[in-house]
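Biologist: Before I rely on any charged contacts here, I would like to hear how each label is justified. Could you take me through the reasoning?

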Amino acid sequence: MEIIYRFLSFVLWILSAESVIDISPYKKLLLDLHNDCRRDVKASNMQKLDWSPLLEEEASRWADNCHFQIQRIGNGENLAMHTANQGLEDLLEEGFNMWNNGREEYKYGNKLSSRTGHYTQLIWADTSKVGCGMTRCPVLLMKNGVTVKDAWFLVCFYNPPGNVFGKNPYIVGNSCKKCTDGQRCDNGLCEASLNKNQFFHLNSRNTFAPIVDKNIHSSQENVCFDISPQCELWTEMCFDRRYAFDLFTLCRKTCGFCHISSCVDSRDTSSCKYWQQFGYCTNSLYAEFMSKNCAKTCKFC
């Protein structure tokens, strides 16, 4: 079995967060930094990275923990910190450069190492999604108990993860030579060329909704709930094929991906109102139950 041998640019984590930064204005910068780095590699199978709102949400939540620890749930990870008083764009570029500096030591064919693992995640050919979050925290708590005040934390998660033990990051060769069927070459990177209609269909509200596997999503078919508080920031991304499946999970209500057939409370209204006053309508733990039983009271339709 292949063991994912993931390396992190370990950061200092903060005990309590001041604020999670809205990364949306810097999404293009981060994507360009990543993809330009990947284009510099002479690889025949290098995938172009797309932004993942799901990974962004996860990275933002992880950064907001502000405590030094490793996530260990299967994503590729690159984490960085800085205490300088600089603009966010400069801080993001410096954080990225911390990871990219590993290129000076990495030689193709060498074993993975902690000194180059941040860089090899950046150039891992099979990785196709990235999402980042950033937090500014007043107190930085290190693993050994040392604290640093007023630090910025950048967290980027990747999927599929890189740094798989026993594998090289990419296949050497002419750019795009080993792109798969359905892909086109975008300046040296393999990119999906499927059109929107292959990902969407018209639903009963005459709006596009993602085509989903009914065997996976049948239990959630009537759920109409936003999990992420950032959905309003992502409304323009709802019908972009690159983000559709992430937003189907995170922002089903905002994006209009709901499939509720009628607007009624299937349970008695008094019970629904009782649950409503205790916050069940806006708690993701009860999203499926409340959507099926109290859609009208919760204003899910």
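Modeller: Let us begin in helix H2 (residues 53-65), where glutamate 57 and arginine 61 lie four residues apart and are therefore separated by about one helical turn; please keep in mind that this is a predicted model.

Biologist: What makes the contact of glutamate 57 and arginine 61 a salt bridge?

Modeller: The N to O distance between their side chains is 2.8 Å, and because the cut-off is 4 Å, the pair qualifies as a salt bridge.

Biologist: Why is glutamate 57 called buried, and what is arginine 61 called?

Modeller: Glutamate 57 has a relative accessibility of 5%, and since buried means under 20%, the label follows for glutamate 57. Arginine 61, at 47%, falls between that limit and the 50% over which a residue is exposed, so the term is partly exposed.

Biologist: How do you know that arginine 184 forms a salt bridge with glutamate 191?

Modeller: Their closest N and O atoms are 2.6 Å apart, which is within the 4 Å limit, and the pair therefore counts. Glutamate 191 is buried at 9% relative accessibility, whereas arginine 184 is partly exposed at 41%.

Biologist: Which residues are linked with these two in a network of salt bridges?

Modeller: The network joins Asp36, Arg39, Lys48, Arg184, Asp186 and Glu191. Within it, aspartate 36 and arginine 39 have their closest N and O atoms 3.5 Å apart, again within 4 Å, and they sit three residues apart in helix H1 (residues 27-39).

Key:
Residues numbered from 1 in each chain as written. Predicted model: local features only at pLDDT ≥ 70, side-chain atom pairs only at ≥ 80, totals over all residues. Heavy atoms only, no water. Helix = DSSP H or I, 4+ residues; strand = E, 2+ residues; numbered from the N terminus. Buried < 20%, exposed > 50% of the residue type's maximum accessible area, 1.4 Å probe, protein only.
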